[in-house]
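Colleague: I have the model open and want to go through its helices, sheet and pockets. Can we take them one at a time?

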Amino acid sequence: MKAGWYLAVMLWILGAFAAGCTMEKPLRRQVDAPAAFDNSEANRAAAWPSKEWYQGFGSDQLNILIEQAARNNWELAGARARVAQADARARQAGAPILPSVEAGGNANFLAGHSSSQSGHETDWSALLSASYEVDFWGKNRAAANSAKYLAAGSRAQQDTLALTTLAGAANGYFQALALRERLTIARSNLEAAQRLVTVVQARYDAGSASPVELATQTSASSAAASVIPELQQQEGEARAALALLVGRVPEGFDIEYKPLDSLTEPAVAPGLPSDLLMRRPDVLVAEANLQSAHADLAAARAAMFPSLNLTAAAGLQNPALNAAVLSIPGTGTTLALGGTVAQAIFDHGRLQAQRAEAQAKKEELLASYRTAIVAALIDVENALSAIQHLDDARKFQIDAVKQSERAFEGARLRYQAGSGDYLTLLEAQRTLYTARDQFVQYKLARLLALVGLCKALGGGWTESMPTAASAPQHGT
């Protein structure tokens, strides 16, 4: 019982020392964010994307593909494993903050014999021992905070990869649909070219068309046919890339065709640029790395000061005391207390060099953090600019398709009636196909720009940094 009381008192003393002072000062955010985005609409209310931003496109098939990508993507599975590793390292780094307690026992049998006598004895002990490095200067606390920030950065890195993967799956789905729509247009163009071959052949047989016209239209029909295999190859590659993102093998993987016009456009608009910094996981990765480097610098500074280690052990043993000067035979309670103070006197500048390295690392990561902020702002500006220019071009794209359809139909009827020029008909045919194909690519570009905007705005992600009593606090 006495030994248990001794051990409890010692642990209480060690716990009191655990609240020692820290040299780690708070690291505050210092970011000069612009007042507004250049390409955002001044009077439009903020509409940040939600975590289910992909549902705004109104495609059940896209929703299923996104869910499969989140669940089955192999790179995301690796990222989840890396997060588990970082969390385990954070727990390891936090262990020295509190005393460590161990239970142990040993037994030794000793026997001796001489010409006059013989004897033997059994020495044994059953002890509880505790040890603690008093964290006067906050070295252990800083190391624990560094690991916590790295774990938070690992989770944010996983979220960054998840956002990139889901956006990639949406882009791959839209690209596959666009290629199928372009295939439909190419086949329609081929059918029109083949019908014109029949018309020119009939006029040639009647003597009203030249051999050059017949050969030219036959060549145009062959050119229209040659486009189809190339688009089929691109569509197959797009499906294979999409299969990889959703964790499927390409064999047997297919998607249901759906016209791009049937998709809806999600209502997304940015808020203040300063709010963006709390909605981008890649920015948090850079900030977490900076916070970790700040904690590492505090630990490097604390390592230059004296260290104090306390030890305590209590329990039962036989003999009750077996010290260098005094021995107490028999079984009884025992208590051992110890302390060690150490201070580096000469290490050829090793500790100073470690501190300088930590300082330089912090400066490097500060630059990376600022770069990440600027890159985030650029991503949003580029996405907003793309959508704005696509909005400006929408009317002209629609008008180009309508007018080219009217021009081709009029040229075809005039030529078939014998009053039209063949070169005019041929040019109208090429213009119509080009206008239709470009309009599909325009619709795809608009969908990709919307996905890019959702991704640039963080895809519904919100900040999640570690909190601890002695961890650096955030300021704005």
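Modeller: Start with a definition: axes are lines fitted to C-alpha atoms, for helices over the stretch in contact, and angles run from 0 to 180 degrees between N-to-C directions. Keep in mind that this is a predicted model.

Colleague: At what angle do the axes of α8 and α9 cross?

Modeller: α8 covers 350-416 and α9 covers 422-456. Their axes come within 7 Å. The crossing angle is roughly 160 degrees.

Colleague: Is α8 roughly parallel or antiparallel to α9?

Modeller: Angles over 145 degrees count as roughly antiparallel. The axes of α8 and α9 cross at roughly 160 degrees. That makes the pair roughly antiparallel.

Colleague: Is the crossing of α8 and α9 left-handed or right-handed, and how does their contact divide by residue class?

Modeller: α8 passes α9 in a left-handed crossing. As for the residues of their contact, the classes are 26 nonpolar, seven polar and seven charged.

Colleague: Now the sheet. Which strands stand at the edges?

Modeller: The sheet is open, with four strands in the order β1-β2-β3-β6 and antiparallel pairing. A strand at the edge has a single partner, so one side is left without a neighbour in the sheet. From one strand to the next, the twist averages 20 degrees. The edge strands are β1 (100-113) and β6 (332-342).

Colleague: How many bridges pair β1 with β2?

Modeller: The two form a hairpin with four residues between them. β2 spans residues 118-134 and pairs with β1 in the antiparallel sense. E102 has S129 in β2 as its bridge partner, and G104 has L127. The count for β1 and β2 is 14 bridges.

Colleague: On the other side of the pairing list, which residue in β3 stands opposite S125?

Modeller: β3 covers residues 307-318 and runs antiparallel to β2. The two are joined by 11 bridges. Opposite S125 in β3 is Q317.

Colleague: On to the pockets. Which element gives the largest share of the lining of the largest pocket?

Modeller: The largest pocket holds about 440 Å³ of space. Its lining has 24 residues, and the closest to its centre are S40, E41, R44, A269 and L384. The elements giving two or more residues to that lining are α8 and α9. The largest share, four residues, comes from α8.

Colleague: How many residues in the lining of the largest pocket are charged?

Modeller: Split the lining by class. There are 15 nonpolar and four polar residues. The charged residues number five.

Colleague: And which element gives the largest share of the lining of the second largest pocket?

Modeller: The second largest pocket has a volume of about 380 Å³. Of the 18 residues lining that pocket, the closest to its centre are K51, D159, A162, L163 and L166. Elements giving two or more residues are α2 (60-72), α3 (74-94) and α4 (139-205). The largest share, five residues, comes from α4.

Colleague: How many residues in the lining of the second largest pocket are nonpolar?

Modeller: Take the other classes before the nonpolar one. Four residues of the lining are polar and five are charged. The nonpolar residues number nine.

How values were computed:
Residues numbered from 1 in each chain as written. Predicted model: local features only at pLDDT ≥ 70, side-chain atom pairs only at ≥ 80, totals over all residues. Heavy atoms only, no water. Pairing = 2+ DSSP bridges. 1 Å grid on protein atoms, 1.4 Å probe; cavity = no way out; pocket = protein on both sides within 12 Å on 5 of 7 lines; lining within 4 Å. Points joined across faces, edges and corners; volume = space filled by probe spheres on them. Nonpolar A, V, L, I, M, F, W, Y, C, P; charged D, E, K, R; others polar. Parallel < 35°, antiparallel > 145°, perpendicular 65-115°, else oblique. Left-handed = near helix turned anticlockwise from the far one by under 90°.
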